[in-house]
Amino acid sequence: MTTTKYPTLIPRFLRYVKINTRSDENSTTIPSSEREVKFLQQLVTELKEIGLTDAVYHDDNGYVTATIPSNIDRTVPTIGFLAHVDTADFNAEGVNPQIVKNYDGHSVIPLDKKGEYTLDPKDFPALKKYQGHTLITTDGSTLLGSDDKSGVAEIFSLVEYLLAHPEIEHGDIRIGFGPDEEIGTGADHFKVPRFNADFAYTVDGGPLGQLEYETFSAAALHVDIKGKNVHPSTAYHTMINAIQLGIDYQNALPQNEVPEETKDREGFFHLLSFNGTPDHAELDYIIRDFERSGLTARKEKAQAIADQLNSQLDEPRVTVEMHDQYYNMIDVMKDHMDVVKLAEQAMHNLDITPDETPVRGGTDGSKISFMGLPTPNLFAGGENMHGRFEFVSEQTMAQAVDVLVEIVKLNAADH
Ligand SMILES: [Zn+2]
């Protein structure tokens with residue numbers, strides 16, 4: 001079995017998922033939660049224990065970095081591997097992983113004792129791919145945190161494997177563990193010059209073969225509406241109800257361009273919140289499109305609707321504020337496709353078919369790529385991320401480490 005090749009992979013993973021490292025989107029500190037700081041500092045200790053003497057926690061941005069030093073005389077490009085330590089917005093206290101050995105590929109897996117929550121192939125057809133695998137699931141009360149402690153544990157196994165196999169030639173390899181990916185802020189503080197790699201991969205993707213280098217381009221839209229509230233008894237042709245204006249705004253957007261009606265490469269407007277009284281209303285949206293020109297067109301549409309509504313009012317009452325959140329990393333990756341090709345070749349060498357479907361979301365790598373470090377995303381193995389149905393296969397995790405090792409080998413062989 002492949003997991004014996006990486007003896008600490010699963011024990012380490014099981015140990016890490018039990019530690020609550022949930023990030024906190026209402027926090028203003030970096031990292032957002034003290035839990036993350038404690039865990040990141042623990043990782044420094046453990047990296048040093050396995051032999052990476054320069055492991056350090058940077059308290060200006062909450063990243064842990066370390067180096068596997070080159071073991072050859074010639075110069076080869078420095079690869080970075082990154083994973084995030086925080087978990088998503090779901091109960092992460094008391095994670096109690098369950099092991100399902102030699103899954104048959106069709107049975108319903110009970111999660112909690114009462115059987116209220118199950119992993120049923122009818123709901124989650126991906127389960128069928130896991131015949132013969134050992135699966136790690138939740139007990140139904142928490143998420144698992146495979147996203148992204150799979151990535152963390154896999155990178156640790158890469159380190160241990162390379163240190164145990166000095167015959168494998170490699171250049172400098174940089175390791176990075178960071179906070180706050182799930183609240184979308186961690187990578188904002190990433191320091192590319194200090195990380196000092198030529199290219200990198202986040203190990204934060206889902207099922208076997210995932211190789212992501214195209215993401216949405218993203219903006220946030222805030223709509224503020226000022227009403228004119230008077231007593232309903234004297235409201236005739238006087239009252240301007242901010243809630244109604246908000247409804248009008250929402251109805252003026254293309255009704256089929258919403259997350260629940262779009263797929264593949266289609267973009268959308270997504271209404272996240274709508275709060276209002278007749279006096280004042282606020283709507284918050286996220287805007288997504290794979291094309292930068294598409295994102296711009298959507299932002300123009302958002303403004304045009306406000307202008308149109310205002311033109312029919314006594315004064316401008318609808319104000320929109322937008323800011324860009326991240327861009328499709330293909331804009332950067334298109335000039336660094338050798339980094340993608342290296343990962344593709346590594347997977348092909350291991351009989352893994354790369355799945356390069358564009359991500360209907362962002363990754364830390366989208367931001368980091370725009371900071372100048374090309375950083376596609378590799379699979380870490382998890383399924384059904386961010387909730388109680390999350391699970392991961394031990395075999396897939398081992399294959400993820402195989403891919404990391406193969407990337408390292410190929411990179412050295414190419415130079
Ligand atoms: Zn993740």
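In which loop does P31 lie? P31 belongs to the loop between helix 1 (9–17) and helix 2 (34–49). The legends below describe close-up views of a predicted model, in which local features need pLDDT of at least 70, side-chain atom pairs count only at pLDDT 80 or more, and totals for chains, interfaces and linings use all residues. Residues are numbered from 1 along each chain as its sequence is written, and side-chain values use heavy atoms, with hydrogens and water left out.

**Figure 1. Cis peptide bonds at P31 and D148.** The bond from I30 to P31 is cis, with omega near -10°. A cis bond also joins D147 to D148, with omega near 10°. D148 is placed in helix 3 (residues 146–164); helices (H or I, at least four residues) and strands (E, at least two) are DSSP runs numbered from the N terminus. Most peptide bonds are trans.

**Figure 2. The largest cavity and its lining.** A cavity is, on a 1 Å grid over the protein atoms alone, a set of points where a 1.4 Å probe fits but cannot get out, and lining residues have an atom within 4 Å of a point. Three cavities of 30 Å³ or more are found in a search of the whole structure. The largest cavity holds about 80 Å³ of space, a volume being the space filled by probe spheres set on the points, with grid points joined across faces, edges and corners. Its lining includes Y63, H84, D148, E181, D204 and D364. Two or more lining residues come from each of strand 3 (79–84), strand 9 (199–205) and helix 9 (364–370). Strand 3 provides the largest share, three residues. The lining divides into four nonpolar, three polar and four charged residues; Ala, Val, Leu, Ile, Met, Phe, Trp, Tyr, Cys and Pro count as nonpolar, Asp, Glu, Lys and Arg as charged, and the others, Gly among them, as polar.

**Figure 3. The second largest cavity.** About 40 Å³ of space lies in this cavity. N61, Y63, T65, F190, K191, R194 and F195 form its lining. Strand 2 (63–68) and helix 4 (192–195) are the elements that give two or more residues to this lining. By class, three of the lining residues are nonpolar, two polar and two charged. Y63 also appears in the lining of the largest cavity.

**Figure 4. The largest pocket.** A pocket is an open set of grid points with protein on both sides within 12 Å along at least five of seven lines. The volume of the largest pocket is about 1,100 Å³. Of the 40 residues that line the pocket, E181, E182, I183, G184 and G362 lie nearest its centre. At least two lining residues each are supplied by strand 9, strand 12 (268–276), strand 13 (280–289), strand 14 (318–326) and helix 9. Strand 14 gives the most, with four residues. The lining comprises 10 nonpolar, 15 polar and 15 charged residues.

**Figure 5. An open sheet of three strands.** The strand order is 4-7-16, with antiparallel pairing; two strands pair if DSSP finds at least two bridges between them. Strand 4 (98–100) and strand 16 (391–393) are the edge strands, each pairing on one side only. From one strand to the next, the twist averages 25°, where axes are lines fitted to C-alpha atoms, for helices over the stretch in contact, and angles run from 0 to 180 degrees between N-to-C directions. Three bridges join strand 4 to strand 7 (residues 135–137) in the antiparallel sense. V100 has L135, in strand 7, as its bridge partner.

**Figure 6. Positive phi values at D264 and N384.** D264 has phi near 50° and lies in the loop between helix 5 (242–252) and strand 12. D264 is exposed because its relative accessible area is 53%; buried means under 20%, exposed over 50%, and partly exposed in between (1.4 Å probe, protein chains only). N384 has a phi of about 50° and occupies the loop between strand 15 (377–379) and strand 16. N384 counts as partly exposed because its relative accessibility is 26%. Most residues other than glycine have a negative phi.

**Figure 7. Q308 in helix 6 (residues 292–311).** Q308 has 44% relative accessibility and therefore counts as partly exposed. The C-alpha atoms of Q308 and V318 are separated by 9.6 Å, and the two residues are 10 residues apart along the chain.
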